[in-house]
Amino acid sequence: YKTWNSCWNDYILVSGGGEKPKEYQAALMRYSFSAETRNIYDSLNLSEEDSKDPDKVFKAMEKYAKSMLNETLDRHTFHSRQQMDGEGFDEFLTDIKLLAKDCNFCNDACQSSNIRDRIVGGVKDNELRKQLLSVKDLNEAKTIEISRAFETAENGLKSLKITKSEKFEVDRVNSSFKVTDQTTVTNKLTTTIIIDLMKLSV
């Protein structure tokens, strides 16, 4: 609902629909619904008069959305969120912030501290977790900064290891070629000497 509401506000502004009659705005709002949202709207059974007023349509949709909220479940989902294998930190962070919006935390400061705690408890790397726990007066911004720096450093080390491994393989192959070439030259020289000796003996 929050995502749809945000998209709708942007659309009505960009399209200039806010300057149109209310009935037109209500129709435009319904036109922006996905199939699922349209089904929800139809289930609200608004009167014909109310369906022509975008404000009343909006309030009816908002009331429905609030009735579907389960704060306990949303908070459980938030506090259970762990960073998955192969998931980058920023992807993990984005999902945490989206989940936090549905948790109805007391205020912005409360939400920020909960995001900090979920990052610390949810990151997959124990070394990063130790580093975060060692910081006194850790806040959300510092947690994000340290986590991003740690991931960047880890990715850099992995890249360096791959580069060294590739160089080792190239050197090994080159060395193999050198040995093979030297052996070939030696064999040719030996064959030439044998032929020359045979000629002398004749």
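**Figure 1. K124 sits partly exposed in a loop of this predicted model.** With a relative accessible area of 41%, K124 falls between the buried and exposed classes, so the label "partly exposed" fits. You'll find K124 in the loop between α7 and α8. Look for Q82 as well: 42 residues separate K124 and Q82 in sequence, but C-alpha to C-alpha they are 7.2 Å apart. Once neighbours within four places in sequence are set aside, the contacts of K124 are Q83, M84, D85, G86, E87 and R129.

**Figure 2. K124 turns up again at the second largest pocket.** This pocket holds about 220 Å³ of space. Its lining has 13 residues, and those closest to the centre are Q83, K124, D125, E151 and E154. Which helix gives the largest share of the lining? That's α9, with 6 residues. Q83 links this view to the previous one, since Q83 is also in contact with K124.

**Figure 3. F89 makes contacts with residues from Q83 through to E151.** Leaving out neighbours up to four places away in sequence, F89 is in contact with Q83, I119, V123, I144, S147, R148 and E151. Two of these names, Q83 and E151, also belong to the residues closest to the centre of the second largest pocket. I119 takes us on to the next view, as a member of the largest nonpolar core.

**Figure 4. The largest nonpolar core brings together 20 residues.** Which of its members touch the most others? They are F78, F89, I115 and I119. The elements giving two or more residues to this core are α6 (89-101), α7 (108-122), α8 (126-133) and α9 (140-201). Helix α6 supplies the largest share, 6 residues. Apart from this core there is another one, made of 9 residues, including W4, M29, Y41 and V57.

**Figure 5. I96 is a buried residue in helix α6.** Is I96 buried or exposed? Its relative accessibility is 0%, so I96 counts as buried. Beyond four places in sequence, I96 touches F78, R81, I115, R118 and I119. Three of those partners, F78, I115 and I119, are among the residues that touch the most other members of the largest nonpolar core. For I96 and F78, 18 residues apart along the chain, the C-alpha atoms are separated by 6.7 Å.

**Figure 6. S51 is a buried serine in a loop.** The loop in question runs between α3 (35-43) and α4 (54-67). Why does S51 count as buried? Its relative accessibility is 14%, and the cut-off for buried is under 20%, so S51 makes the grade. The side chain of S51 reaches the backbone oxygen of E48 at 2.7 Å. With neighbours within four places in sequence left aside, S51 is in contact with A26, R30, Y41, L46 and V57. Y41 and V57 also belong to the 9-residue core.

**Figure 7. Stepping back, the whole protein is built with 9 helices and 0 strands.** Buried residues make up 25% of its 202 residues. The protein exposes about 14,500 Å², with carbon and sulfur atoms supplying 55% of that area. Among contacts with a separation of 6 or more, 55% come from residues 24 or more positions apart.

Definitions and conventions. Residues numbered from 1 in each chain as written. Predicted model: local features only at pLDDT ≥ 70, side-chain atom pairs only at ≥ 80, totals over all residues. Heavy atoms only, no water. Helix = DSSP H or I, 4+ residues; strand = E, 2+ residues; numbered from the N terminus. Buried < 20%, exposed > 50% of the residue type's maximum accessible area, 1.4 Å probe, protein only. Polar contact = N/O pair within 3.5 Å; in protein donor to acceptor, adjacent residues only side chain to side chain. Contact = heavy atoms within 4.5 Å. Core = buried A, V, L, I, M, F, W, Y, C linked by side-chain atoms within 4.5 Å. Areas by Shrake-Rupley, 256 points an atom, 1.4 Å probe, with all protein chains shown as cover. 1 Å grid on protein atoms, 1.4 Å probe; cavity = no way out; pocket = protein on both sides within 12 Å on 5 of 7 lines; lining within 4 Å. Points joined across faces, edges and corners; volume = space filled by probe spheres on them.
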